[in-house]
Every structure is written in structure tokens, then in C-alpha cells.
Amino acid sequence: MIVFAVAAVKLHPDWNQLVRGLMPRCTQPDMKHSLLYAYFAVGIFSAMLMEYEVHFYSSGAIEEDWTTDDLGENFMVAALGSLLGSLLTMGLLALGALVFLPRRIFPQLLSTTTLAGAFPFAEKALVMALLGTLACISGAAVETALSGAYNLCQFFNLKWSKNQPVKSVPVYTVTWIGMFALALIIALTGIRPLQLVDISIIFGMVIMPLTYYPILRVAADKNVMGKHVNSKFDTILGTTFLALITVSAIAAIPLMIATHSGKAVIASVEDLYT
């Protein structure tokens, strides 16, 4: 996936404009555009903090019997992973401004976005971009399916584990396979993937406080965490973050209704051209 960031640099962006473009701002502060901006801000916030990743990761910790000796490794994975993801996101944003915007292209398909990674380098880069995209989609699909199975079995106190024989965890196995089958059926209906993404991230934001509040409570509990308990600064920072999540959760559905799930964004982009 690094090919997208390299492609953005290769196209020689105006770095001053790039930095300014990354700063949050609403260029047309009327009610319509303000609501649209807020809707996509909530959506991006939700996409950064998808609950299924927390459920998948925490269940994996149980599966692999992690201990406090694994904290350093996992801190590096989380920190470096977030940093790399942020850099790649900036690369994709830059490619959108450099490749698509001047040509009046509004990419609504993943395949269109992937082409931007190959723009400066042609065929070899396109193959790399496609392989990277396939790896990301495949990984996310596996995580989502397993996370769904973890959640269902843990909620109903049923046996679960990817390390157990299929016959020992039948509900768990049927659930994650069933999620793949359901995804295939939805794909065959012809529903646009971006529509599903919009719906999932908005409703994901609605329930997000219910995921992050318990984590914050446990992290601040010395009886549970011992010497690894959150400091006062960490707790204040986490509480502030939870407050932002809660406000976004409350605003998510009203914003989705007010902006018709962001459909006005196409008109907004056309305004930029004119």
C-alpha cells in the first residue's frame, strides 16, 4: 500500500497547500455545507475507531494467551500501525486532489481509487496497488467475520475459538462462515459498496461509546491493571476522547438524515469546479 504514498510524492504536490488542506475547515460555512462537513467528519472518526477491531484484537489476546510481557510489542504494533495508516491516508487524499479533482472525477468505486496509485508509474505500480488493496480487503473481511463470531458466542456464553476443532465450537464456526456467505449475497444484489460503508460507519459510531467506556473504566481500575493502570493524565485524555465519541454518536443519525447520507457531496464537489 506504500505505493500510494510514493505516487503522491512523485507527483510533486505543493507541500504548503497539502499541509493547509489537512487542517480541518469548512470552506463554505452555510448550513448545508456545515452539516455535510460534520457528517463526513463523524464518518471518518468512526472509520478510525471501528469496534470490530477492538473485539477482534481483545479476543485474539485471549486466544494467544498474551501476558504483560507482550505489552511492548503490541504498543509498537498499534503505534506504528496508526502512523503508517495516517501516512497512507494523507497519500490517498493528496492523490485525490492531484489526479481526480483536476479531471472532474469523483471516484465512487474502489477500482477507480486504485488506479491513482499507478498514475506516475504505470503497470507495475498498478499490480502492487491491486495486491495491497486485495490484502487489506481480505484482512478486513477475516477480521470482521471472526469478530462477529466472537461477539455472538461471548454474548450468549457459547464456546468459541479459532484454535478449537470445528465440532467443539459449532456456533462459532457457522457464524463466521455465515457472515462470509451473507456478504457474498449482498455483493450479488448489486448494492454499491460505498453505500454499505456509509451505513456501517454511522451506525458503528452510534454504539461506539458502549465499547470505549468499559475499556476506559478497566484501564483506570488499579485492582485490575495493577502497575499498568492509567495515569491521571491518561484518564483525562481518555475521558476527553470518550466525550468526543459520545457527541459524535449522538449527532451521527441526525446528520445522516439531514444530509441524505452525504449524497450532497457530489454537488459540493461540482461547486469546487465552478
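This is a short dialogue on reading a few features of a predicted model.

Reader: Happy to start with the overall fold. How many helices and strands does the chain have?

Author: Keep in mind that we are looking at a predicted model. The chain has 12 helices and 0 strands, so its pattern along the sequence reads α-α-α-α-α-α-α-α-α-α-α-α. Along the principal axes, the C-alpha atoms fill a box of roughly 60 × 45 × 35 Å.

Reader: What share of the residues is buried?

Author: Of the 274 residues, 25% count as buried. The chain exposes about 17900 Å², and 71% of that area comes from carbon and sulfur atoms. As for contacts, take those between residues at least 6 apart in sequence: 71% of them join residues at least 24 apart.

Reader: Now the aromatic rings. How is a pair of rings described?

Author: A pair of aromatic rings is described by the distance of the centres and the angle of the planes. Searching the whole structure gives 7 aromatic pairs. In one of them, the ring centres of Phe45 and Phe241 are 5.6 Å apart with the planes at 80°; because an angle over 60 degrees counts as edge-to-face, that is how this pair is classed.

Reader: Where in the chain do these two partners sit?

Author: Phe45 belongs to helix 3 (residues 31-48) and Phe241 to helix 11 (residues 232-258), so the pair links parts of the chain 196 residues apart. Phe45 counts as buried, at 15% relative accessibility, whereas Phe241 is partly exposed at 37%.

Reader: Which geometry do Phe155 and Phe156 show?

Author: Their planes meet at 85° and their centres are 5.1 Å apart, so this pair is edge-to-face. Phe155 is exposed, with a relative accessible area of 66%. There is also a cluster, in which ring pairs link Tyr150, Trp160 and Tyr172.

Reader: Let's turn to the backbone. Which sign of phi do most residues other than glycine have?

Author: Most of them have a negative phi. Here, Asp65 has a positive phi of about 55° although it is not a glycine. Asp65 lies in the loop between helix 4 (51-63) and helix 5 (71-100), and is exposed with a relative accessible area of 60%.

Reader: And what is the phi of Arg104?

Author: Arg104 has a positive phi of about 55°, again without being a glycine. You will find Arg104 in the loop between helix 5 and helix 6 (110-118). Arg104 is exposed, at 59% relative accessible area.

Reader: Finally, how many positive and negative side chains are there?

Author: There are 16 positive and 17 negative side chains, and the centres of the two sets lie 5 Å apart.

Technical notes:
Residues numbered from 1 in each chain as written. Predicted model: local features only at pLDDT ≥ 70, side-chain atom pairs only at ≥ 80, totals over all residues. Heavy atoms only, no water. Phe/Tyr/Trp six-rings, centres within 6.5 Å; stacked < 30°, edge-to-face > 60°. Helix = DSSP H or I, 4+ residues; strand = E, 2+ residues; numbered from the N terminus. Buried < 20%, exposed > 50% of the residue type's maximum accessible area, 1.4 Å probe, protein only. Contact = heavy atoms within 4.5 Å. Areas by Shrake-Rupley, 256 points an atom, 1.4 Å probe, with all protein chains shown as cover. Lys, Arg positive; Asp, Glu negative; His and termini not counted. Charge placed at Lys NZ, Arg CZ, Asp CG, Glu CD.
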